Amino acid sequence: MGQIKISEQDIVNALCLHIAHKRQISPQEVEIELMYDDDFGFSAEAYVNDRKQVLITANIIEALRFWLENEMNIDPFSAAIELLLDDNEGIIAYIK
């Protein structure tokens, strides 16, 4: 498997699917805001039924592994996942 680039929208989709799966709700009920901070790195805020949940980098990686397995049919543990902040594309990920 070569390197795969995952867009910011696909990262958001992965988080929505993963949280929806864990809470047994529809992915459309989940809102995600991705963030990057120089001191704390990557994070996200998930909103479900007006309740906020803060997600750290490990949660984002977990959601991407869920997405790789269930949506892309790729062994999620056979790949390294790297999150990057791109000036033009926002927060993206590379699967190696």
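Tutor: Two strands pair if DSSP finds at least two bridges between them. Keep that in mind as we go through this predicted model.

Student: Which residue in β6 does L85 stand opposite?

Tutor: Start with the strands. β5 and β6 pair in the antiparallel sense, over six bridges. Within β6, the residue that L85 stands opposite is I91.

Student: What is the order of the strands in the open sheet with β1, β5 and β6?

Tutor: This open sheet has three strands, with antiparallel pairing. β1 and β5 stand at the edges with a single partner strand each, so one side of each has no neighbour in the sheet. The twist from one strand to the next averages 30°. The order is β1-β6-β5.

Student: At about what angle does α2 run to β5?

Tutor: Two helices lie across these strands. α1 lies across β1, β5 and β6, and runs at about 80° to β6. α2 also lies across β1, β5 and β6. Its angle to β5 is about 115°.

Student: Which strands stand at the edges of the other sheet, the one with β2, β3 and β4?

Tutor: Three strands form this open sheet, in the order β2-β3-β4, and their pairing is antiparallel. An edge strand has a single partner strand, so one of its sides is left without a neighbour in the sheet. The twist averages 20° from one strand to the next. The edge strands are β2 (30-37) and β4.

Student: What is the bridge partner of L34 in β3?

Tutor: β2 and β3 pair in the antiparallel sense over eight bridges. In β3, the bridge partner of L34 is A44.

Student: Which strands of that sheet does α2 touch?

Tutor: Take α1 for a start. It packs on the sheet, touching β2, β3 and β4, and its direction makes about 125° with that of β2. α2 packs on the sheet too, and its direction makes about 90° with that of β4. The strands α2 touches are β3 and β4.

Student: How far apart are the end C-alpha atoms of helix α2?

Tutor: Helix α2 covers residues 57-70, which is 14 residues. At 1.5 Å a residue, it should span 20 Å. The model agrees with that, because the end C-alpha atoms are apart by 20 Å.

Student: Which elements do the buried residues of α2 pack against?

Tutor: First, the residues themselves. The buried ones in α2 are I60, I61, A63, L64, R65, F66, W67 and L68. They pack against one helix, α1 (8-23), and against the strands β1 (4-6), β3 (41-48), β4 (51-56), β5 (81-86) and β6 (90-95).

Student: Is S43 buried or exposed?

Tutor: S43 lies in strand β3. Leaving aside its neighbours within four places in sequence, it is in contact with E33, L34, M35, L55 and I60. Its relative accessibility is 18%. The cut-off is under 20%, so S43 counts as buried.

Student: What is the phi of D50?

Tutor: D50 lies in the loop between β3 and β4. At 82% relative accessibility, it counts as exposed. D50 is a residue other than glycine, yet its phi is positive, near 65°.

Student: Where does N73 lie?

Tutor: N73 is not a glycine, but its phi is positive, about 55°. Its relative accessible area is 68%. Exposed means over 50%, so N73 is exposed. N73 lies in the loop between α2 and β5.

Technical notes:
Residues numbered from 1 in each chain as written. Predicted model: local features only at pLDDT ≥ 70, side-chain atom pairs only at ≥ 80, totals over all residues. Heavy atoms only, no water. Helix = DSSP H or I, 4+ residues; strand = E, 2+ residues; numbered from the N terminus. Expected span 1.5 Å × (residues − 1). Buried < 20%, exposed > 50% of the residue type's maximum accessible area, 1.4 Å probe, protein only. Contact = heavy atoms within 4.5 Å. Axes fitted to C-alpha atoms, helices over the stretch in contact; angles between N-to-C directions.
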